[in-house]
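Trainee: I should like to request a close look at a single part of this structure, the site of the ligand, followed by an account of the regions around it.

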Amino acid sequence: MTILVTGGAGFIGSNFVLDWLAQSDEPVVNLDALTYAGNLQNLAALQGDARHIFVHGDIGDRALLESLLAEHRPRAVLHFAAESHVDRSIHGPAAFIKTNIEGTFTLLEAARGYWNALQGDDRAAFRFHHVSTDEVYGSLAPDAPAFTETHPYEPNSPYSASKAASDHLVRAWHHTYGLPVLTTNCSNNYGPYHFPEKLIPLMIVNALAGKPLPIYGDGMQVRDWLYVGDHCSAIRTVLARGRVGEVYNIGGWNEMPNRDIVHAVCALLDELRPSAEGPYARLITHVKDRPGHDRRYAIDARKIERELGWRPAETFASGIRKTVLWYLDHAEWVANVQSGGYRDWLATNYTAR
Ligand code: NAD
Ligand code: TYD
């Protein structure tokens, strides 16, 4: 048996591939276009490991998808590949439409053709697992109940709108064609290999470099943070036992405002790598808010617990400590990521703020 993972060189995908192969010998075909967010260094531990077959390619390439499916005959497709950064989607939405919507469409069509030709047990066992986000549900008022799986879709950014569109396509491919799909909508992840354009890794690497820690607006926007290893275990659980056609929300039961996140990172760095110049919180600066910035996300993760028995293993305190320690131990990974396109991105996003 084999699984096909898309986007397995990115943050969550690479964590998923590493965790999968640490727990099973089932090979992974990993299709990734290696955009700025794709980093083969994340998978360095798998060099020479025959269970990991990396393919450099685009999910929009139908012929490539068909040949990979025919050659490797996976029992499941796990679809992580996406443009994933809200700020980038504001500066340049086209790539989000192309990969998240058109790319998902192409992948669904290729998977449908492959699945249609399967027979018997192989056909019954096949799954298309779509990895999505809580951002499709829009923004919550401070006292509103957390997002359930039936919450209306109200995406507010080009990123979340493109993910919402992809969720709708996945749903339609199940209802219209019978494709055996699973969809998971997860809250904000953090952990190793997180590209330092996102809040938590950016704060860690900027603090260590003595650079400003830019908080958008008042910093009271709330996210529900989940350690990436817990997201990976939830996906494995849904893939193994989730009901076909169902949606499962995944979250950390851990709502926190951005300001508290940044202070938590600073406090850990003060403890683990104190700076001669004083506490890292001195570097915090408030910058202009993100346009259309969603105020609050929160996941009601009771369905996945009730039906499949999944709950996160990490608390925020344990997960953020692991994460900060990982960044302290992987200075070379950070340095490599920071060379190249990453610098251009910082200039685009922050210079005029
Ligand atoms: P990421 O940006 O770190 O990685 C995305 C990966 O997809 C990269 O390796 C990139 O090279 C690859 N990719 C992009 N376009 C591609 C294309 N056209 N063809 C093939 N590969 C392509 O993203 P991430 O944070 O790891 O997110 C993975 C998935 O999880 C996304 O679908 C995202 O929407 C979803 N998600 C992310 C979070 C989060 O907090 N990061 C939370 C919930 C859901
Ligand atoms: P981010 O990591 O980009 O994830 P998302 O927008 O998908 O939730 O941002 C998390 C939160 O942190 C979000 O409310 C925006 C905020 N933020 C900052 O305040 N400063 C920053 O430099 C970044 C990148 C994000």
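Mentor: The account below begins with the ligand site and then proceeds to the core and to individual residues.

This is a predicted model, in which local features need pLDDT of at least 70 and side-chain atom pairs count only at pLDDT 80 or more, while totals for chains, interfaces and linings use all residues. Residues are numbered from 1 along each chain as its sequence is written, chains are lettered from A and ligands numbered from 1 in the order in which they are written, and side-chain values use heavy atoms, with hydrogens and water left out.

**The ligand site**

Ligand 1 is surrounded by 28 residues, of which Ile12, Asp32, Ser84, Tyr159 and Lys163 are the closest; a residue belongs to this shell if one of its heavy atoms lies within 4 Å of the ligand. The shell comprises 13 nonpolar, twelve polar and three charged residues. In this division, Ala, Val, Leu, Ile, Met, Phe, Trp, Tyr, Cys and Pro count as nonpolar, Asp, Glu, Lys and Arg as charged, and the others, Gly among them, as polar. Helix α1, strand β5 (127–133) and helix α6 (158–177) each contribute at least two residues to the shell, and the largest share, three residues, comes from β5. Helices (H or I, at least four residues) and strands (E, at least two) are DSSP runs, numbered from the N terminus.

Three side chains approach polar atoms of the ligand. An N or O atom in the side chain of aspartate 32 is 2.5 Å from an oxygen atom of ligand 1. Aspartate 58 places a polar side-chain atom 3.0 Å from a nitrogen atom of ligand 1, and for threonine 99 a side-chain N or O atom is 3.0 Å from a nitrogen atom of the ligand. Taken alone, ligand 1 exposes 840 Å², and the protein buries 97% of that; accessible areas come from the Shrake-Rupley method with a 1.4 Å probe, and for residues only the protein chains shown count as cover.

**The nonpolar cores**

Helix α1 (residues 11–23) also provides seven residues, the largest share, to the largest nonpolar core. That core has 65 residues, and Phe16, Leu78 and Ile304 touch the most other members. A nonpolar core is a set of buried Ala, Val, Leu, Ile, Met, Phe, Trp, Tyr and Cys residues joined through side-chain atoms within 4.5 Å. Buried means under 20% relative accessible area, exposed over 50%, and partly exposed in between (1.4 Å probe, protein chains only). A second, separate core of 24 residues includes Leu4, Leu68, Ala81 and Tyr114. Among the residues that Leu78 touches are Leu4, Phe16, His129 and Ile235, with residues up to four places away in sequence not counted; contact means heavy atoms within 4.5 Å.

**Buried polar residues**

Serine 166 is found in helix α6 and is buried, with a relative accessible area of 1%. Its contacts, again not counting residues up to four places away in sequence, are Asn100, Thr104 and His130.

Asparagine 185 is in strand β6 (residues 181–186) and has a relative accessible area of 0%, which makes it buried. Its side chain makes a polar contact with the side chain of aspartate 167 at 3.1 Å. A polar contact is a pair of N or O atoms within 3.5 Å; within protein, one must be able to donate a hydrogen and the other to accept it, and residues adjacent in sequence count only if both atoms are side-chain atoms. The residues touched by asparagine 185 include Ser132, Thr133, Tyr153, Asp167 and Ile299.

**Loops with positive phi**

Most residues other than glycine have a negative phi. Arginine 73, however, has a positive phi near 45°. Arginine 73 lies in the loop between α2 (62–72) and β4 (76–79) and is partly exposed at 47% relative accessibility. Tryptophan 253 likewise has a positive phi, of about 50°, although it is not a glycine. Tryptophan 253 is placed in the loop between β11 (247–250) and β12 (255–257) and, at a relative accessible area of 39%, is partly exposed.

**An exposed loop residue**

Proline 145 lies in the loop between β5 and α6, and its 64% relative accessibility counts as exposed. The C-alpha atoms of proline 145 and arginine 243 are separated by 25 Å, the two residues being 98 residues apart along the chain.
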